[in-house]
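This report describes how selected chains of an assembly meet and how some of their secondary-structure elements pack. Please consult the sequence and the structure alongside the text.

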There are 4 protein chains.
Amino acid sequence: MSEPRSIAPVDGKLGVLTVGLGAVATTLIAGVELAKRGLGKPFGSMTQLGTIRIGKRTDNDTRLIKDFVPLARLEDIVWGAWDVFPDDAYVSATRAGVLEQGRHIEAISDTLREIRPMRAAFERKYARNLTGEHTMGDVPKRAMLEAIRADINRFRDEKKVDRVVMIWCASTEIYIEPGPAHQSIESLEAAIDANDETISPSILYAYAALLERVPFANGSPNLAVDTPALRGYATAHNIPISGKDFKTGQTLMKTVLAPMVKARQLGVSGWYSTNILGNRDGEVLDAPENFKTKEESKLGVLEEILEPTKNPDLYGDIFHKVQINYYPPRGDNKEGWDNIDIFGWMGYDMQIKVNFLCRDSILAAPLALDLVLYSDLAQRAGLGGIQEWLSFYYKSPQVAPGLYPEHDLFIQLTKLKNTLRWMMGEDQITHLGREYYDEI
Amino acid sequence: MSEPRSIAPVDGKLGVLTVGLGAVATTLIAGVELAKRGLGKPFGSMTQLGTIRIGKRTDNDTRLIKDFVPLARLEDIVWGAWDVFPDDAYVSATRAGVLEQGRHIEAISDTLREIRPMRAAFERKYARNLTGEHTMGDVPKRAMLEAIRADINRFRDEKKVDRVVMIWCASTEIYIEPGPAHQSIESLEAAIDANDETISPSILYAYAALLERVPFANGSPNLAVDTPALRGYATAHNIPISGKDFKTGQTLMKTVLAPMVKARQLGVSGWYSTNILGNRDGEVLDAPENFKTKEESKLGVLEEILEPTKNPDLYGDIFHKVQINYYPPRGDNKEGWDNIDIFGWMGYDMQIKVNFLCRDSILAAPLALDLVLYSDLAQRAGLGGIQEWLSFYYKSPQVAPGLYPEHDLFIQLTKLKNTLRWMMGEDQITHLGREYYDEI
Amino acid sequence: MSEPRSIAPVDGKLGVLTVGLGAVATTLIAGVELAKRGLGKPFGSMTQLGTIRIGKRTDNDTRLIKDFVPLARLEDIVWGAWDVFPDDAYVSATRAGVLEQGRHIEAISDTLREIRPMRAAFERKYARNLTGEHTMGDVPKRAMLEAIRADINRFRDEKKVDRVVMIWCASTEIYIEPGPAHQSIESLEAAIDANDETISPSILYAYAALLERVPFANGSPNLAVDTPALRGYATAHNIPISGKDFKTGQTLMKTVLAPMVKARQLGVSGWYSTNILGNRDGEVLDAPENFKTKEESKLGVLEEILEPTKNPDLYGDIFHKVQINYYPPRGDNKEGWDNIDIFGWMGYDMQIKVNFLCRDSILAAPLALDLVLYSDLAQRAGLGGIQEWLSFYYKSPQVAPGLYPEHDLFIQLTKLKNTLRWMMGEDQITHLGREYYDEI
Amino acid sequence: MSEPRSIAPVDGKLGVLTVGLGAVATTLIAGVELAKRGLGKPFGSMTQLGTIRIGKRTDNDTRLIKDFVPLARLEDIVWGAWDVFPDDAYVSATRAGVLEQGRHIEAISDTLREIRPMRAAFERKYARNLTGEHTMGDVPKRAMLEAIRADINRFRDEKKVDRVVMIWCASTEIYIEPGPAHQSIESLEAAIDANDETISPSILYAYAALLERVPFANGSPNLAVDTPALRGYATAHNIPISGKDFKTGQTLMKTVLAPMVKARQLGVSGWYSTNILGNRDGEVLDAPENFKTKEESKLGVLEEILEPTKNPDLYGDIFHKVQINYYPPRGDNKEGWDNIDIFGWMGYDMQIKVNFLCRDSILAAPLALDLVLYSDLAQRAGLGGIQEWLSFYYKSPQVAPGLYPEHDLFIQLTKLKNTLRWMMGEDQITHLGREYYDEI
């Protein structure tokens with residue numbers, strides 16, 4: 001047992017600003033509002049349902065996480081959002097087609113109607129297939145930045161919230177190579193002034209959040225807060241940041257199956273992954289420049305889990321292919337099909353095929369909720385900069401410079417839970433468990 | 001860093017006695033012999049290919065396990081076996097149809113021809129679909145026990161081996177409820193004398209091994225060494241034991257996917273698992289009494305991972321069904337199909353379907369090799385009784401009385417690797433990793 | 001062009017009596033009522049949506065079947081039913097959970113509420129897992145027969161219907177071997193008087209229908225009308241009969257894929273079929289005696305399509321296994337998984353795997369509608385006895401003595417459509433099509 | 001019974017010229033040679049194993065097709081080939097990796113070694129990913145045409161064959177829109193002289209074949225013989241031609257499942273098809289221009305089977321996507337995955353998922369054999385021009401101008417078999433079968 005960390009109290013209201021008020025954000029908002037009224041359960045959310053074991057297995061001390069660490073309550077959340085469409089949360093949720101109209105949308109229609117998006121900082125060139133016009137217009141990047149900051153402050157004042165967290169729930173932007181503009185706050189500032197096109201909206205949102213001391217969580221593969229400039233700024237000012245890209249369907253599965261084949265020392269010769277997806281996200285990703293951003297986020301996973309340089313015989317020659325297909329008949333119900341060619345003892349080949357019939361926003365919403373609550377916890381616990389312990393939620397986790405990311409879902413889970421134990425001054429769990437045998 | 005454990009040197013020859021010289025045992029033997037000659041690689045074996053990280057992530061110190069802990073070398077293994085068929089390892093491997101005849105059997109035919117099984121302690125009533133007659137005959141159980149002990153000693157003498165490990169690679173026996181006869185050595189001895197039918201051959205083999213101070217690993221779901229009598233004896237005399245039932249195809253998958261849904265707080269409403277399998281194991285399991293033994297081993301997994309009592313909303317009402325179908329067209333190439341009905345945020349249902357086209361003996365052989373080498377290591381390291389750190393290899397891990405078993409493959413892996421670190425006096429890995437961030 | 005057949009006009013009302021008012025019957029009834037009001041479309045029904053080509057391909061003369069042959073209109077259907085539960089069609093449809101409550105049940109609740117079942121002729125021993133008590137009670141079989149006849153006549157009078165068709169939409173009974181009691185009307189009559197247990201309720205319903213000159217269609221694998229006694233009676237009195245067992249999910253697929261492999265001369269070494277199903281039908285089939293009846297119906301299909309005696313090299317050694325698993329999480333949404341092991345050129349093996357996520361009653365209801373309308377057409381066209389042209393709808397088609405049934409879905413379709421053409425005096429279509437080339 | 005057609009006797013040797021000596025051609029050749037020696041069976045070939053029913057069902061007269069129509073015997077086939085690689089059939093078959101080396105290649109190595117390809121008429125621009133240099137070189141198209149004709153004549157003389165058939169077993173060329181050059185023999189001749197780039201090698205091979213009165217069968221989707229110019233020439237000179245594109249894996253499946261959903265009046269909202277394939281064909285198709293040719297061939301199938309204009313409610317809005325992925329780990333073992341979104345009664349949605357683990361050349365070789373033998377039969381029977389009755393073998397069947405093609409595998413089979421019956425003067429089979437019932 002070590003000293004628990006000092007954590008500021010969780011009093012007052014927590015403002016949650018979502019960038020985007022589409023399928024993910026409205027599913028998040030509606031779900032939380034339904035849960036508050038007892039009309040639905042927030043399954044999928046560790047902060048709401050998860051448990052944590054404290055002490056030895058024989059202590060039989062397993063607690064709800066929300067009873068173990070001081071998290072903001074759902075009742076204290078206040079919503080705000082930006083979007084390129086002017087639809088309120090009721091209209092947007094209805095259009096998204098994720099939730100049942102009667103039971104899950106009409107039941108809270110008044111609340112949803114009141115959530116109207118602010119105008120988005122947006123330029124069409126970053127997401128060609130997106131056509132909304134509820135934007136700040138064709139203004140310079142500096143003006144966009146200032147407008148976002150003003151939006152944050154207005155939200156804070158009007159809603160009388162004590163703390164704010166910002167989370168990116170909007171589309172994938174086109175691929176941007178990290179470049180000179182992103183290296184320092186100075187170069188970033190200069191690039192903003194120069195309207196440099198490597199400064200995408202997601203970077204402006206992230207920077208505005210940090211300038212206002214608001215934690216930022218990045219649910220997309222966009223650069224956003226993942227640049228030396230913003231990482232350094234967040235660390236220096238002790239503001240929690242995390243990213244990138246909600247780990248939901250196929251990549252979630254991949255970060256479970258790849259650790260399995262590696263644990264068992266089974267080789268991999270090929271991994272073919274294809275997705276069909278019919279929502280707005282699928283439509284945006286139908287543009288090759290946007291898919292490239294997602295692809296980068298998805299492809300790295302295997303290499304970093306399997307470590308071909310350390311296991312060349314097993315993983316030195318993998319043919320890895322990832323596809324996303326826009327397939328309208330399914331709407332938000334995405335589906336992944338993976339074919340994995342493995343080999344074992346003496347090189348004999350075997351195959352694993354996984355068909356995952358999932359739901360994009362249903363899987364993402366609880367991750368967004370957890371990230372909001374944990375980012376707020378981190379800020380109150382004085383943990384600034386990159387929150388690597390939140391890797392569990394991301395396809396492409398941000399980590400300290402010089403570190404490789406952990407993609408294995410179970411290492412990520414251990415990291416998260418041992419971090420919670422550390423915060424509260426409880427022993428780390430190592431699963432060594434000699435004590436059960438040595439005393440016999 | 002703690003004190004490393006004192007481990008006896010690995011000099012001399014290691015005798016490996018397999019109960020059964022069928023598909024698994026011959027695939028094990030042939031594979032090791034091929035690997036020794038550079039004619040094949042022992043993929044699937046952690047002791048041969050696995051690595052372990054020592055120290056911090058930034059230390060970049062990852063080592064081969066076989067360089068980290070003192071394991072017997074493949075070159076020092078000497079084989080022995082019992083079987084109900086008189087076929088030598090060449091004939092049996094050929095019949096099993098697992099390995100390619102030319103490249104993987106003929107290439108080492110001389111060695112395989114020399115491995116001839118001893119007569120098996122066997123009674124037909126424990127495996128009705130098994131017809132072999134190369135047995136000790138219809139003799140009393142006491143005589144069987146003594147004959148097995150004599151076989152062990154003769155093997156030790158003739159082959160001049162320094163240490164011996166016994167591993168059960170034979171069929172699943174009919175289901176036997178643990179009863180009074182299994183509670184103490186005294187009652188066991190009396191039951192043997194009385195020819196009590198709750199004393200199956202696997203119990204006799206396990207007891208003979210322990211009487212001869214030979215570690216015993218149980219690749220089947222049979223009772224064998226998993227009784228109070230034998231667990232107590234093994235602990236008292238400091239002999240490593242472990243079991244039960246090699247975790248290969250579908251259950252391997254289950255102990256990876258169930259932890260995933262649990263990590264993500266996704267609920268489960270149903271899990272339907274079916275297998276098709278055409279080898280002798282499939283044939284034996286076609287008898288309902290034998291399948292029951294396997295079924296018990298397979299069904300517990302979900303309950304113990306998902307802990308419905310701690311998560312009643314998520315796992316309190318799961319319909320779980322497991323089937324094994326004897327399907328001759330496939331031979332040793334077994335195939336599993338799982339349909340998993342899950343639900344997430346607000347109760348929306350999703351489905352995961354997994355089709356695993358695997359190979360029974362190809363998956364089992366490297367586990368058998370690891371268990372042999374780790375059991376020997378445990379004995380040299382003075383670790384007797386139940387080896388819970390070897391849970392990683394078993395469908396139904398043996399644990400100390402009063403403990404629940406860990407089924408989650410990744411907890412098992414952590415347990416195994418942290419045990420190795422502990423043996424060698426290295427730090428436990430907790431994945432907390434605060435040091436990478438606190439100094440920034 | 002031949003002489004068209006004389007067909008009685010389709011004036012007046014058509015009474016449809018369903019044995020069973022469960023999932024299939026209520027889905028049928030509700031669907032027809034919705035379609036009548038323009039609230040839903042009867043997809044899946046050939047009589048409502050199907051087309052038929054008349055003449056040469058270049059004639060471009062494709063017509064709706066319902067415009068080509070004189071079928072009763074949906075508007076003229078009047079419903080009646082028997083069931084072991086007293087629930088009206090509204091309650092039963094709600095319980096079945098097949099149709100959406102609001103859009104597809106409430107919308108026609110008044111009509112459904114008016115359909116109340118008559119007491120069923122039922123004995124528990126024929127379907128052990130069925131517990132309803134809305135029955136005629138424990139009366140002799142002769143009394144049951146007379147009660148059913150009285151029910152038919154009362155229905156005819158009260159509803160003022162001009163013609164009646166009866167269709168079995170109830171559960172599968174236990175397996176009954178056709179025996180002496182079923183050979184002639186005399187032996188059948190004697191057996192009824194003797195309360196012989198080989199006279200199941202389905203036989204009584206079928207016989208009652210024939211005695212009242214009502215066509216009978218058998219949606220289950222029960223013996224019902226498929227005995228020498230009743231076939232002979234139906235032929236002698238020119239009453240249309242047909243059966244057995246609606247061909248919906250997996251068998252539908254099988255009668256499409258087996259013809260494919262046969263067309264291509266691909267061999268089959270194994271076919272493993274498993275089903276998960278959670279409705280009342282699944283529950284009844286969970287009893288082995290009832291499953292046997294279904295299994296017989298399902299197993300014959302492959303043998304009769306592939307004709308192993310004519311193609312011993314290709315189909316002489318098939319391992320065929322069929323399973324149905326009661327799996328409540330799915331309700332009426334059944335799912336089939338087939339693994340087919342095939343081989344081609346020089347014996348190389350290949351695999352086909354089919355996962356069919358279907359809906360039991362949604363697939364069955366349109367078949368029931370077509371059978372009702374075609375049975376009525378047959379009667380008006382003077383076609384009595386076995387209607388082999390309706391094989392298209394059945395897993396186990398009834399055919400004339402001495403004939404093998406046609407299971408191939410496409411031969412069945414050709415037979416059905418060429419029968420319609422023959423009825424109307426149009427040319428048979430043979431697909432020879434020499435005329436398109438010879439005149440060039 | 002009509003008059004049988006006059007068919008020239010099948011005396012003497014049949015020369016088979018394959019364009020391409022890659023995986024398909026060597027699998028064809030090796031298989032036939034193995035079958036001749038009794039070392040393998042030509043499963044998959046209708047001409048070798050197929051049966052045909054003659055007369056009524058009760059006549060019980062089912063014959064082997066090769067006993068019913070006069071086909072060339074395997075013993076009388078003599079092989080010739082062109083290829084861009086100089087490897088003989090032994091080397092090429094070994095590289096292709098389709099057949100087992102020992103049992104199926106070494107066993108007939110002498111014969112395979114003797115089959116050495118002639119230099120191919122080839123230009124890299126028609127198949128960018130193909131690098132072979134065993135070509136006629138960079139010569140004008142006119143010279144290529146003449147060289148092919150000279151090759152045919154040399155082959156005829158040297159091998160002393162009585163009849164010759166040519167079959168395209170080579171790669172898919174880039175997509176070429178049929179244009180003015182292809183409209184008549186005059187324009188074709190002019191284009192050849194002008195080295196017009198719309199005259200691809202496949203057109204030159206096809207034209208050379210026709211000029212030499214050699215039937216031509218087109219196993220690829222290339223234009224080849226499918227132009228007004230060559231169709232007209234073949235008809236005028238009574239030379240059998242057929243195409244396009246062997247119907248093997250996924251499209252075979254599609255032409256079976258689409259007829260099923262149509263037979264059952266089930267609607268289709270989406271059909272997603274993806275393939276993984278690692279052989280040279282997969283590599284060539286990795287170039288978008290070549291894939292386009294294949295895609296055209298694959299996409300038309302659904303539309304022509306489902307006829308959306310005749311069934312707009314059911315098929316008016318289908319999202320159809322087809323992908324082929326070059327995936328080297330599998331070699332020639334291709335795999336298709338289809339997801340089909342269907343809907344039934346009242347619009348309820350269902351899904352069919354098909355995973356076909358097949359083998360490209362193993363499926364194609366018997367089709368090639370049948371096409372060769374049936375093309376030769378057609379020529380001897382005096383049937384020139386398009387052989388629509390061979391549609392059964394093609395993804396994209398050639399038909400008379402003004403006709404729509406039949407894609408339904410079972411209509412194609414009926415057409416083929418009724419054509420054979422017509423040739424031999426036997427009755428057409430319509431499956432009407434009234435005679436079994438009318439006489440009762």
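Which residue of β12(B) is the bridge partner of Q351(A)? In this predicted model, the partner is L357(B).

**Strand pairing between chains A and B**

The pair formed by Q351(A) and L357(B) belongs to a junction of two strands: β12 of chain A (residues 349-357) and β12 of chain B (residues 349-357) run antiparallel and are joined by seven bridges. Strands of a sheet pair through backbone hydrogen bonds, in either a parallel or an antiparallel manner.

The two β12 strands are neighbours in an open sheet of eight strands, ordered β10(A)-β9(A)-β11(A)-β12(A)-β12(B)-β11(B)-β9(B)-β10(B). The pairing in this sheet is mixed. At its edges lie β10 (319-326) of chain A and β10 (319-326) of chain B, each of which pairs on one side only. With direction ignored, neighbouring strands of the sheet are turned against each other by 10 degrees on average.

Within chain B, strand β9 (residues 267-277) pairs with β10(B) in the parallel sense, over eight bridges. In this region I276(B) stands opposite N325(B) of β10(B). Helix α11 of chain B (residues 250-263) packs on the sheet, where it touches β9, β11 (335-343) and β12 of chain B. The direction of α11 makes about 15 degrees with that of β11(B).

The two strand pairs described above are set out below.

| Strand pair | Sense | Bridges |
|---|---|---|
| β12(A) and β12(B) | antiparallel | seven bridges |
| β9(B) and β10(B) | parallel | eight bridges |

**The contact between chains A and B**

Chain A contributes 76 residues to the contact and chain B contributes 76 residues. On the side of chain A that touches chain B, the largest share comes from helix α16 (residues 409-423) of chain A, with nine residues. The residues on this side of chain A comprise 40 nonpolar, 26 polar and ten charged.

**A helix pair in chain C**

In chain C, the axes of helix α7 (residues 141-159) and helix α9 (residues 201-211) come within 9 Å and cross at roughly 50 degrees. The two helices α7(C) and α9(C) are therefore oblique to each other, and the crossing of α7(C) past α9(C) is right-handed. From α7(C), the contact is made by K141(C), M144(C), L145(C), I148(C), R149(C) and I152(C); from α9(C), the residues are L204(C), Y205(C), Y207(C), A208(C) and L211(C). By class, this contact of α7(C) with α9(C) has nine nonpolar and two charged residues, and no polar residues.

Note on methods: Residues numbered from 1 in each chain as written. Chains lettered and ligands numbered in written order. Predicted model: local features only at pLDDT ≥ 70, side-chain atom pairs only at ≥ 80, totals over all residues. Axes fitted to C-alpha atoms, helices over the stretch in contact; angles between N-to-C directions. Helix = DSSP H or I, 4+ residues; strand = E, 2+ residues; numbered from the N terminus. Parallel < 35°, antiparallel > 145°, perpendicular 65-115°, else oblique. Left-handed = near helix turned anticlockwise from the far one by under 90°. Contact = placed C-beta atoms within 7 Å. Nonpolar A, V, L, I, M, F, W, Y, C, P; charged D, E, K, R; others polar. Pairing = 2+ DSSP bridges.
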